[in-house]
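Please examine the two-chain model below. A set of questions and replies on its architecture accompanies it.

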Amino acid sequence: MNDKIKIVIGLVSFLVLTSSPFWLNIATGTDWARPNEVVEQEVARLRADPGLPCALKQSDKERAQGRPNREMIDKHMALLLEWRDQVVRDGDREVPEWWQDAKGQGRVVRGRRLEKSLSGGCLVCHTKKKPGETEYKFCDACHTYVQIDPYCWDCHVVP
Amino acid sequence: MNAFVSLAAVLALLLLAWLGVAGLQLHILFGIVIPYFAVVVFLGGIVYRVMTWANVPVPFRIPTTCGQQKSLPWIGHSKLENPSSSWQVAGRMALEVLFFRSLFRNTKTEVHPDGPKVVYHPAYWLWIGALAFHYGFLTVFVRHFRFFVPPACGYQQAASWCTDSSVVDGLWWALGTLESVDAFLQVGAPPVFVSGIILLAAATYLLLRRFVIPQVRYISLASDYFPLFLIIGIAATGILMRHFVRTDIEAIKALGYGLASFAPLTGGEAWSQFVHHRPGGAFVPGLPDIHWLFFAHLLLVCTLFVYFPFSKLMHLGGVFLSPTRNMANSNRAVRYDVGWSARHPVPAHTYEEYEDEFRDKMKMVDIPVDKE
């Protein structure tokens, strides 16, 4: 019957749209590495640099295994937001304890005193996010991979 | 009772995910085996149901209409309420599918308190709730494509973990635009998606409606409550994971992308990588790093997928196949034939034959005849 053709066309369109990720991945299949490996490489790079303190908020087990900091991977965005509120709204600039030296101030790393800040703290050691470079850097690796586009840089200058 | 059974079923699923993943470490079962099974049942079940319907003959034109049929030229024709052509049917269907027109017509019947008079009010809340629910869910569904499609390179040059293709770039542009509109409130990091809130609020409203309105409550079955509790559970676990519990989204993308590339254990890498233990790494990279709440979310979604084709949720396909909606009211203008008359010819007795048989008797009692 005539209607059955219409029904099949509709059904096939639905199936193709719903299962499109499968077709897309088959069509574009490329060899690729997960950015998690970039994070692991970054950890290895930082550990190999004698000038840097291994002073992350990291479990002893993870540190012993040379594994990335799980809690930081899961919750860094919440921490940055918390810091923003503390610094901008309450004027609380006390650096987190895992960055403190004996006097309770931020440690000096690569000639800079660590601040409670993304660009003045985290990015002192971690490779900066620089547009124009050919490889994705530390932050952008995972962000690009899962399509996260933090709106911080809509206003702030990209470090 | 129906509601309690449904709620208990959803809670049991959550408990199952917690026991299975946090307790028994069955990451592969809950992360790989069950999702593949669910997708196969979902797509296969929809094909089965739709093709079953497609094979049922529709012996008569039975559109339900609520407007003036096409008639004499000086009588106004209500084209959308009483379509007479395929294009008018398409217009009517579009209003139904995109804007839920029949829900818009929902009315509330009351006996007027001042006297024994029945009064009808328009009742728009069901229509508003249904619109919010369906469009919220659609947005959430489309947004989740980012977990299954290849990462795009965007404005930067190709790296080893992105796909340099204009199709992928276009897809990411579309998904990114949808997300930035959805996150326009810019509250929190990651930002709150309006669609998630709307989905949760609308599903909760549709559930409360079944509790509060006595007539609706009376006719509500477990199969009405279960999908609502399930979808509320899905939205709640999703929001909880994004804004409160938080887990490794990179590992989740690797799982989703791996599933959609038919290489789930390695997150899209060549299958042979699986046999190599990476130094200091887990045997199955990523999976054990994901919070159990993600697997609970996934199990609820898989349950929805498996449940979908065999439940009232199949109105997704059914709305297009309703003969009362998708047929033109042209019974008097066009002869409707299912195809049966060719296969099973019915002996016809036409008027001409009738008159031939009874002409003399008709003439005898002065009944006018066509042929003398």
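The exchange below takes up confidence, helices, strands and cores in turn.

Me: On what conventions do the replies rest?
Reply: Residues are numbered from 1 along each chain as its sequence is written, and chains are lettered from A and ligands numbered from 1 in the order in which they are written. This is a predicted model, in which local features need pLDDT of at least 70, side-chain atom pairs count only at pLDDT 80 or more, and totals for chains, interfaces and linings use all residues.

Me: In chain A, where is confidence lowest?
Reply: The term pLDDT denotes the predictor's confidence in each residue, from 0 to 100. Chain A averages 75, and 65% of its residues score at least 70. Helices here are DSSP runs of H or I with at least four residues, strands are runs of E with at least two, and both are numbered from the N terminus. Within chain A the mean is highest, at 90, in helix α1 (residues 2–18), and lowest, at 64, in helix α4 (residues 60–65).

Me: In what pattern do helices and strands follow one another along chain A?
Reply: Chain A contains seven helices and two strands. Read along the sequence, the pattern is α-α-α-α-α-β-β-α-α.

Me: At which residue does α2(B) bend?
Reply: Helix α2(B) has 28 residues and reaches 40 Å from its first C-alpha to its last, close to the 40 Å expected at 1.5 Å a residue; the expected span is 1.5 Å times one less than the number of residues. A bend is the angle between axes fitted to the seven residues ending at a position and the seven starting there. In α2(B) this angle is about 30 degrees, and a proline, B:Pro35, follows within four residues of the bend, which lies at B:Ile34.

Me: Is B:Tyr48 buried or exposed, or in between?
Reply: B:Tyr48 belongs to helix α2 (residues 27–54) of chain B, where the buried residues include B:Ile46 and B:Val50. A residue is buried if 20 or more other C-beta atoms, placed from the backbone, lie within 10 Å of its own, exposed if 12 or fewer, and partly exposed in between. Because B:Tyr48 has 13 other C-beta atoms within 10 Å, it is partly exposed.

Me: How many buried residues does strand β1 of chain B have?
Reply: Strand β1 (residues 107–112) runs antiparallel to strand β2 (residues 117–122) of chain B, joined to it by six bridges; strands pair if DSSP finds at least two bridges between them. A hairpin links β1(B) to β2(B) through four residues, and B:His112 stands opposite B:Lys117. Strand β1(B) is hardly covered, and the count of buried residues among its six residues is zero.

Me: Which helices are included in what covers the buried residues of α7(B)?
Reply: The 19 residues of α7(B) should span 27 Å at 1.5 Å a residue, and its end C-alpha atoms are 26 Å apart, which agrees. Its buried residues include B:Leu199, B:Leu200 and B:Ala203. Their cover includes α5, α6 and α9 of chain B.

Me: Which helix gives the most to the largest nonpolar core?
Reply: A nonpolar core is a set of buried Ala, Val, Leu, Ile, Met, Phe, Trp, Tyr and Cys residues joined through C-beta atoms within 7 Å. The largest has 52 residues, and B:Ile232 and B:Phe295 are among those with the most contacts inside it. Helices of chain B that each supply at least two residues include α7 (194–212) and α9 (222–245). With ten residues, the one that gives the most is α11(B).

Methods:
Two residues are in contact if their C-beta atoms, placed from the backbone, lie within 7 Å.
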